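Please open the structure in your viewer and keep the selection tool at hand, since this tour moves from one selection to the next.

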Amino acid sequence: MNIDIFLQNLKKHGIENEIPNISEVNARFLRDLIKIQKTQNMLEIGTANWYSAINFALELKNTWGKLTTIEFSKLSYDSALENFKTAWVSENIHAINGNALDIIPALEEKYDFVFIDGMKRRTKDFLELVWNKVSDGGIIIVDDVIKFKEKMIWFWEYLEDNKIQYNIIPIDKDDGIVMIIK
Ligand SMILES: C[S@@+](CC[C@H](N)C(=O)[O-])C[C@H]1O[C@@H](n2cnc3c(N)ncnc32)[C@H](O)[C@@H]1O
């Protein structure tokens with residue numbers, strides 16, 4: 001199997017079925033971050049059909065790292081279980097079917113890279129819950145911060161109130177990400 005074609009098809013399937021996957025440009029950028037950081041332990045909030053998760057896991061194979069990814073839709077979770085088996089990344093993905101708001105407090109590990117891509121209105125809650133689980137110098141990326149800016153009012157307030165430094169990166173023509181280095 002050609003993994004690039006597999007990912008292109010998965011992305012195409014996402015577009016056809018209106019699944020809000022990260023763009024191919026964003027996937028490339030985030031994979032490069034994993035490569036540069038030599039990420040060991042990554043957490044993703046919002047798996048959907050695993051397009052981002054498989055991209056991350058493929059890169060994490062090279063850094064000997066692993067990904068924990070959380071998705072609360074049983075339908076999305078089940079529909080894509082085959083995808084990650086097909087992409088030969090099952091060994092370095094730990095997939096959890098549940099609400100990240102309940103799951104994160106129970107996570108006992110530290111993460112050096114967190115990708116927040118769940119329900120936009122809860123972005124502040126995800127960040128607040130995950131903060132103490134991110135190692136010093138760790139990377140936190142929040143997706144869709146331009147397109148859904150107004151759904152994230154509490155997130156922007158939280159950054160302001162806690163004097164958290166961040167960069168907004170307009171990653172592609174469609175949208176941008178926030179990058180926080182803890
Ligand atoms: C934007 S999509 C994720 C896209 C995926 N990261 C990708 O790029 O391929 C958001 C996903 O987050 C899930 N989600 C939203 N809120 C969640 C929560 N509180 N806990 C777990 N999953 C959540 C939704 O069901 C949806 O599948």
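Begin with the shell of residues around the ligand in this predicted model, which by class holds 9 nonpolar, 7 polar and 3 charged residues. Of the 19 residues around the ligand, select Gly46, Ala48, Ser52, Ala100 and Gly118, which are the ones that come nearest. Then colour α3, β2 (66-71) and α6 (100-106), the elements that each give two or more residues to this shell.

Keep α3 (residues 51-63) selected and add helix α2 (residues 24-37), whose axis comes within 9 Å of that of α3 and crosses it at roughly 25°. How do the two helices lie to each other? Angles under 35 degrees count as roughly parallel, and α2 and α3 are therefore roughly parallel to each other. If you look along the place where they meet, α2 passes α3 in a right-handed crossing. To show the contact itself, select Ala27, Leu30, Arg31, Ile34 and Lys35 of α2 together with Ser52, Asn55, Phe56, Glu59, Leu60 and Thr63 of α3. The residues of this contact divide into 5 nonpolar, 3 polar and 3 charged.

Next, move to helix α7 (residues 123-130) and helix α8 (residues 153-161), whose axes come within 7 Å and cross at roughly 40°; α7 and α8 are therefore oblique to each other. Select Thr123, Lys124, Leu127 and Glu128 of α7, and then Trp154, Phe155 and Tyr158 of α8, because these residues make the contact. By class, the contact of α7 with α8 has 4 nonpolar, 1 polar and 2 charged residues.

Conventions. Residues are numbered from 1 along each chain as its sequence is written. This is a predicted model: local features need pLDDT of at least 70, side-chain atom pairs count only at pLDDT 80 or more; totals for chains, interfaces and linings use all residues. Axes are lines fitted to C-alpha atoms, for helices over the stretch in contact, and angles run from 0 to 180 degrees between N-to-C directions. Helices (H or I, at least four residues) and strands (E, at least two) are DSSP runs, numbered from the N terminus. Angles under 35 degrees count as roughly parallel, over 145 as roughly antiparallel, 65 to 115 as roughly perpendicular and the rest as oblique. A crossing is left-handed if the near helix is turned anticlockwise from the far one by less than a right angle, and right-handed if clockwise. Two residues are in contact if their C-beta atoms, placed from the backbone, lie within 7 Å. Ala, Val, Leu, Ile, Met, Phe, Trp, Tyr, Cys and Pro count as nonpolar, Asp, Glu, Lys and Arg as charged, and the others, Gly among them, as polar. A residue is near a molecule or strand if its C-beta atom, placed from the backbone, lies within 6 Å of it.
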